[in-house]
Amino acid sequence: MIIRPAAEPDVDVICALVNGFADQNLMLHRTPAQVHRVLGDFLVVEEQGQIVGCGYLAYLSPDLVEIRSLAVHPNQHGKGLGGQIVKSLSELARARGISQVCALTLVPDFFVRHGFVHVDRWSISPKIWGECVYCPKFHACDEIAVLKEI
Ligand SMILES: CC(C)(COP(=O)(O)OP(=O)(O)OC[C@H]1O[C@@H](n2cnc3c(N)ncnc32)[C@H](O)[C@@H]1OP(=O)(O)O)[C@@H](O)C(=O)NCCC(=O)NCCS
C-alpha cells in the first residue's frame with residue numbers, strides 16, 4: 001500500500017470512488033473539473049496498482065484546512081487506510097505551515113479516534129460563510145464539526 005499525491009490519470013477513479021458514496025448521501029459529489037482544480041491537494045492510496053482511497057485538503061484560512069472527499073473503497077474498509085489518509089493529509093498540512101485541520105462529517109467517531117475533538121460548527125466560520133450558506137441543508141445540517149491542532 002502506498003499513499004501518494006494524486007495525478008491527472010487518477011481523476012476519473014477519484015470521482016467514481018467519491019461519487020459512489022455521494023449517491024448514498026454520505027458525502028458531496030465531485031466532478032472531474034472540481035477534482036482537477038485541487039489535484040495538487042489530493043492524496044490517493046494505491047493497493048496493487050489500484051486506487052482504493054483518497055482525500056484532499058481544502059484551504060479555509062491561512063491557518064485552517066478542511067479534509068474533504070475522504071473515501072476508501074468498500075472492499076477495503078476497516079484495514080486502517082482511512083486513518084492513514086487522515087494522518088498523511090495532516091502531515092501534508094503541517095508541512096505547508098497550517099496549524100489546524102477540520103472536517104464536517106457524518107462519522108465523527110472515526111475522526112475522534114485520530115485525535116480530533118468535536119467543535120461548534122461556527123468555530124470553523126470560513127467554511128460556514130464560504131460554502132455552507134449555499135447548501136440546501138444549511139438550516140438542518142446533520143454533519144458534525146471536528147477539529148485537530150497539528
Ligand atoms: C470513513 C472511512 C473513510 C473510513 O475508512 P477505513 O479505511 O474503513 O477506516 P480505518 O480502517 O482507518 O478505521 C476504521 C474505523 O473507523 C470506524 N468507522 C468507519 N466508518 C464508520 C462509520 N460510518 N461510523 C462510525 N465509525 C466508522 C470503524 O468502526 C473502525 O473503528 P475501529 O478501528 O475502532 O474498529 C470509510 O468508511 C469511508 O470511505 N466511508 C464512506 C465515505 C465517508 O463517510 N467519508 C467520510 C467523509 S468526512
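Start with the aromatic rings: this predicted model holds 4 aromatic pairs. Select F110 and F111, which form one such pair. The geometry is edge-to-face, with 5.3 Å centre to centre and 85° between the planes. A pair of aromatic rings is described by these two quantities, the distance of the centres and the angle of the planes. The angle puts F110 and F111 in the edge-to-face class because planes over 60 degrees apart count as such.

Keep F111 selected and show the accessible surface. F111 has a relative accessible area of 4%, so F111 is buried, the cut-off being under 20%. Now add F116 to the selection: ring pairs link F110, F111 and F116 into a cluster.

Next, select the ligand. The ligand sits in the largest pocket. Display the residues around the ligand, of which there are 17. Those that come nearest are L70, G78, G80, G82 and G83.

To see where the shell comes from, colour by secondary structure. Three elements, β4 (64-72), α3 (81-95) and α4 (108-112), each supply at least two residues of the shell around the ligand.

Then draw distances from the ligand oxygen atoms:

- G78: a polar backbone atom lies 2.8 Å from an oxygen atom of the ligand.
- G83: here too the partner is a polar backbone atom, with an oxygen atom of the ligand at 2.8 Å.
- H77: an N or O atom of the side chain is 3.4 Å from an oxygen atom of the ligand.

Finish with the ligand surface. Taken alone, the ligand exposes 900 Å², and the protein buries 67% of that area.

Key
Residues are numbered from 1 along each chain as its sequence is written. This is a predicted model: local features need pLDDT of at least 70, side-chain atom pairs count only at pLDDT 80 or more; totals for chains, interfaces and linings use all residues. Side-chain values use heavy atoms; hydrogens and water are left out. Rings of Phe, Tyr and Trp (its six-membered ring) pair if their centres lie within 6.5 Å; planes under 30 degrees apart count as stacked, over 60 as edge-to-face and the rest as tilted. Buried means under 20% relative accessible area, exposed over 50%, partly exposed in between (1.4 Å probe, protein chains only). A residue is near a molecule or strand if one of its heavy atoms lies within 4 Å of it. A polar contact is a pair of N or O atoms within 3.5 Å; within protein, one must be able to donate a hydrogen and the other to accept it, and residues adjacent in sequence count only if both atoms are side-chain atoms. Accessible areas come from the Shrake-Rupley method with a 1.4 Å probe; for residues, only the protein chains shown count as cover. On a 1 Å grid over the protein atoms alone, a cavity is a set of points where a 1.4 Å probe fits but cannot get out, and a pocket is an open set with protein on both sides within 12 Å along at least five of seven lines; lining residues have an atom within 4 Å of a point. A molecule sits in a cavity or pocket if more than half of its atoms lie within 2 Å of its grid points. Helices (H or I, at least four residues) and strands (E, at least two) are DSSP runs, numbered from the N terminus.
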